[in-house]
Amino acid sequence: MTQALWQGNWVHRSRLISGLVLFTFAFFHFLNVAVGLVSPDLMEAVQEVREPISKSPPGQVLIYGSLLVHAGLALWQVAMRRTLRMTFTQWLQLLLGVLIPLQLIQHIVHTNYAARVQGYEDEMSSVVLMLWSGPEALHQYLLLLAVWIHGCIGIHMWLRLTRWWGALVPYMIGVAVLMPTLALAGLVTEGRRMWGFFAEQGFAQQIMEDYNWPDTAGFAHLATVTNIGVCIFFSLLFVALAAFGLRRLIRRTRSVRITYENGPEIVADRGLTLLEMSQMKGIPHPSLCGGKGRCTTCRVMVLAGGDELPPPNAAEARSLAAIKAPDNMRLACQIKPNAAMTVKRLYTPKGRRQIHATQGEEKTIAVLFLDIRGFTARSADLLPYDVVFLLNRFFDAIVPEVTKAGGAVDKYMGDGLLALFETDDTASSAQAALTATANIGASLARFNRLLASEGEAPIRIGMGLHTGTVVLGEIGAAGHAPRTLIGATVNAASRLEAKTKELGVELLVSRDVFEAASLSQSEAEYQQFQLRGVEKAVKALPLERASHLQKIILGSNSHS
C-alpha cells in the first residue's frame, strides 16, 4: 500500500510539474501573439526576450522533456484506469491531454525542427504568415486553446481545496478568457498585415527568401516527418488502450458479485473495499469519515457470504464495539469482499448523492466554553428586555477578542457560548485560543468597571479551554443544517467550564492546550480531573483570572 501511495504521489507530482512548465510556455506564447495588437515591433521584442530561455539547451530539455513526460503520463493514465466512468470535466481534461501531443507534432516539426534542420527563420511574423495561407492558422490556435483549457482545468483541480483560491476564481476566470481572446485578435491582426505584404507584386519571393522558407521538397520532408510522428503517437495510444482493455479483462476474471438487498447487483474487482465498489458503481453509500473506519455510517448487514471475510481490524472492531454491533454487521469501508456477498445498507441516502453539502471533517483544534456565573438568579430581578440588553452588551465586549485572534463563535447558549479556533494547524489554533482567552479576561475587567460606574453588580464567568480532535460538519435537516462541531473534545471543554464553579476560578486550561502551543508549565501546577463522559482523566491548570494567561504567554515568549 505504501509503495502504491508513493507511486501515485510520484505520478501526480510529475504530471503537475510538467504541466506547469507547459502551461507557462503556453501563457508566454499567447502573450507573444497578443502583443501583435500593439505593434509588430513589440511582438518581435517579446520573442527576442522569450527565445534565449525557450531555445537554450536547458530550456529545450525542460520544455520537450515536460512534453514527453506529460504526454506519457496521459497515455499511462488511459492504460491504468479502472473504469471510464468520469465526470465531464475529467473527460474533457483527459481528452485534451491525449489530443494535445497529436496537434503539437505538426507545430514542432514546422517550427523548431524546420529551423534547426533546414535553417528556416521561425520569427513570429514568419510563422503567422506561413500558417495564414491555409487552415493551419486555425488549427494551431485551437491547439494553443486546447493547451490553455487543459492547463486551466489542471490548475483549478490542484488549487480548488486551498483557502485562498476560491476568492481568486472570478479574477482567474477573467484572465483565462481574456488571454486566448487577445491572442486570437493578435493572430488575426498580424496575419492580415503579413498577408497584405505577401500578396503585393514582387514581395512574395523576397519574403520567402528573407525567411528561408523550405522549397517544395523541404515541405514534403516536413510532411513526412509529421506523418511519422503521428503514426508513432497513434501506436502508443493503441498500446495504452490495449493495456486498459487487457487489464479490464484480467480484472473480470478476478471480480466478485455483490448483491444489495432492495437494490442493484454489481460486479466489481477484488481488492477494493465494499465502499469503493459502491462508489465506483454509483451506488449511494454514506461515509461521513471518508472511509477511515472512524464512523459507522457506511455499515452493512452481511446477509450472505460473510464467512469468507477476515475478522475486523483494530479500527473496525473499535467502531463496531462502540455501537454494540451484532456479529454480521461490518463497515463497508474496511471489508474487502473476495467472494459473492449479499448485503443490506443500514443508511441509504435519497437520490444518487449525499443529502448534505458537507459530510464532516476531522480537525484537531482548540475549543472554548464560556458561561456567566449566577445569571439565572440575576436575571430574575430584570425585565426581559433588560436581560437581552445586558447579554448583548456583554457579548459585544468579549466576542471581538475571539474573532480578532482568529476564532469564531460556534453557538450562543443563553448566557454562554461555544467558540472554536479553526486555523491552519493545531499549534496556531492553541495559540489563538490562549490569546483570545487572556484578552477576554482583560475585556471582562473593563466591562465590569463600566458596570460599576453605572451602579450594577459585576459579571462573573467560568471558562473551559481544551484542544483535541473534533468532527466539523452540517448537523440538522437537509437545507437547514448549520455547520457545527461534535466530539469528546467539546464535552471535555464543557466539563472543564463546569469545574470552574466548584473551584471558584475563572478559567481551566487543559495541559493539551499548552503542549499544542509549545508553552511549558510546571507539572505541579496542574490538577487532574475525572470528567463525566470523558474516558481519560484530564490535567488542567486553574487560573483565578483569565487575564493571568497573558503573563504565561509573555513569559514563554521571553524564554524562546
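Guide: A residue is called buried when its relative accessible area is under 20%, exposed when this is over 50%, and partly exposed in between, with a 1.4 Å probe and only protein chains considered. The structure above is a predicted model, in which local features need a pLDDT of at least 70 and side-chain atom pairs count only at 80 or more, while totals for chains, interfaces and linings use all residues. Residues are numbered from 1 along each chain as its sequence is written, and side-chain values use heavy atoms, leaving out hydrogens and water.

Visitor: Why is V300 called buried?

Guide: V300 has a relative accessible area of 0%, and because the limit for buried is under 20%, V300 is counted as buried.

Visitor: What does V300 touch?

Guide: Leaving aside residues up to four places away in sequence, V300 touches eleven residues that include L274, H285, N328, M329 and R345, where a contact means heavy atoms within 4.5 Å. One of these partners, H285, is 15 residues away along the chain, and its C-alpha atom is 9.9 Å from that of V300.

Visitor: What makes β3 and β5 a pair?

Guide: Two strands pair if DSSP finds at least two bridges between them, and β3 and β5 (residues 341-345) have 4 bridges in the antiparallel sense, so they meet that rule. V300 lies in β3, which covers residues 299-304, and stands opposite R345 in β5. A strand here is a DSSP run of E with at least two residues, and a helix is a run of H or I with at least four, both numbered from the N terminus.

Visitor: Where does β3 stand in the sheet?

Guide: The open sheet has 5 strands in the order β2-β1-β5-β3-β4, with mixed pairing. Its edge strands are β2 (265-269) and β4 (329-331), each of which pairs on one side only.

Visitor: How do you know that E51 and K55 form a salt bridge?

Guide: A salt bridge needs a side-chain nitrogen of Lys or Arg within 4 Å of a carboxyl oxygen of Asp or Glu, and the N to O distance for E51 and K55 is 3.4 Å, so the pair qualifies. E51, at 23% relative accessibility, is partly exposed, and K55, at 29%, is partly exposed too.

Visitor: Why does the pair of E401 and R446 tie together parts that are 45 residues apart in sequence?

Guide: The closest N and O atoms of E401 and R446 are 3.9 Å apart, and the two form a salt bridge. E401 lies in helix α13 and R446 in helix α14, so the bridge joins parts that are 45 residues apart in sequence. E401 has a relative accessible area of 8% and is therefore buried, whereas R446, at 45%, is partly exposed.

Visitor: How many salt bridges are there by this rule?

Guide: The count comes to 14. Among the linked residues, D371, R373 and E497 are joined in a network of salt bridges.

Visitor: What makes helix α5 mostly covered?

Guide: Helix α5 covers residues 124-132, and 8 of its 9 residues are buried, including M124, V127 and L131. Across the protein chain, buried residues make up 41% of the 560 residues.
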